[in-house]
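Me: I have a structure to go through and some questions about it. Could you take them one at a time?

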Amino acid sequence: MSEDAVGDYIPVDINLIRPESIAGFSIYVSSRNGYALFRDSNTQFDQGALSQLTDAGVATVYVKKDDQESLDQYYLDTLQGLLNDPASSLSQKTKAICSSSAAMARELLMRPTGVELGRARSLMESTVIELVNVPETLYELILATDTNYSLHTHMVNSTVYTLALCEPLAISDPEEMQVYALSGFLHDIGKSQLPESLLHKAGKLDSSEWTMMRQHPLLGFNMLAGFSDLPAAVAEAARGHHERMDGAGYPDGLAGQDIPFPARVAAVVDVFNALISETPFRKRMTSFDAIVLMRDGMKGQFDPDVLKALVVAIGQHARATAG
């Protein structure tokens, strides 16, 4: 689900604004002259307001970019209410999960503290519980992923595809699924310590820039290993997601079974999600073409069992959406 800004405004699905709530940010609607104020930040968004919009065929409202942090906090605060509301549709719930995960990712990239990591862990727990209770949630989550690459969308999408791998990898225990989801979400957190100019460079990195970029697995590991409440597997995934099965990866040059399994899963998800995402300087691949490239053009890089699980997961998704 894209949240790409339109000028100075962020589009928001109206189904993510809960009736009877005071959002804490002003809500605008598109008009002939730009954007018109619909509700100010101190006015309750009630059922009447929602009906007024839906009756007019309005599916999207807008929030000023200056209110991004307030919007993110709102997503996080209202997620559980949406998940627990029997009147909420599956589409509403999955959009809320993706929006809340993106909000949490942005928060962590700015403030990677123990408090925020604890909130991220709670978010993964809620997501897994919803997925276990309603298996169809997985396919809706895949449909809701944003194909425009940014670090926070990469974190969200990696979580979704990691969860998609759980069933074909016979990972069914909810607590174990939560660990893998958190590993997918946080595997690239070390990039939050790198300069923005490096992360957003359009062309190829030079040798010094590449050396700096290759530090992010260790930066992420050192950050996550410092939090005793996080499972060790989460930090291991951050450290090892650029290791290769043939030993040609980094930072430790591990090979085969010496690479922790969560890192082998993160390695597959990391590359797959990058290939199917759009960037200003690279067109996205189809899922099929990405898998063929990973299988045939990157031999020796990935655990074959994890890659096979990805093929199964994407095939299941294709069949579910076709049906």
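Me: Is Cys166 buried or exposed?
Reply: Cys166 counts as buried, at 2% relative accessibility. Buried means under 20% relative accessible area, exposed means over 50%, and partly exposed lies in between, with a 1.4 Å probe and protein chains only. This is a predicted model: local features need pLDDT of at least 70 and side-chain atom pairs count only at pLDDT 80 or more, while totals for chains, interfaces and linings use all residues. Residues are numbered from 1 along each chain as its sequence is written, and side-chain values use heavy atoms, with hydrogens and water left out.

Me: How many disulfides does the structure hold?
Reply: The structure holds 0 disulfides, a disulfide being a pair of cysteine sulfur atoms within 2.5 Å.

Me: Why is there no bond from the sulfur of Cys166?
Reply: The closest cysteine sulfur, in Cys98, is 16 Å away, which is too far for a bond. Cys98 is buried as well, with a relative accessible area of 6%.

Me: Changing topic, how many salt bridges are there?
Reply: The structure holds 14 salt bridges. A salt bridge is a side-chain nitrogen of Lys or Arg within 4 Å of a carboxyl oxygen of Asp or Glu. One of them joins Glu130 and Lys93, at 4.0 Å from N to O. This pair links distant parts of the chain, with Glu130 in helix α4 (residues 114-133) and Lys93 in helix α3, 37 residues apart. Helices are DSSP runs of H or I with at least four residues, numbered from the N terminus.

Me: Are Glu130 and Lys93 buried or exposed?
Reply: Glu130 counts as buried, at 8% relative accessibility. Lys93 is buried too, with a relative accessible area of 13%.

Me: Which residues are in a network with Glu107?
Reply: Glu69 and Arg111 are linked with Glu107 in a network of salt bridges. The closest N and O atoms of Glu107 and Arg111 are 2.6 Å apart. Glu107 is buried, at 10% relative accessible area, whereas Arg111 is partly exposed, at 33%.

Me: And the largest nonpolar core, how many residues has it?
Reply: That core has 82 residues, and those with the most contacts inside it include Leu165, Phe185 and Phe272. A nonpolar core is a set of buried Ala, Val, Leu, Ile, Met, Phe, Trp, Tyr and Cys residues joined through side-chain atoms within 4.5 Å.

Me: What does Phe185 touch?
Reply: Not counting residues up to four places away in sequence, Phe185 touches several residues, among them Met104, Leu108 and Met155. Contact means heavy atoms within 4.5 Å.

Note on methods
Helix = DSSP H or I, 4+ residues; strand = E, 2+ residues; numbered from the N terminus.
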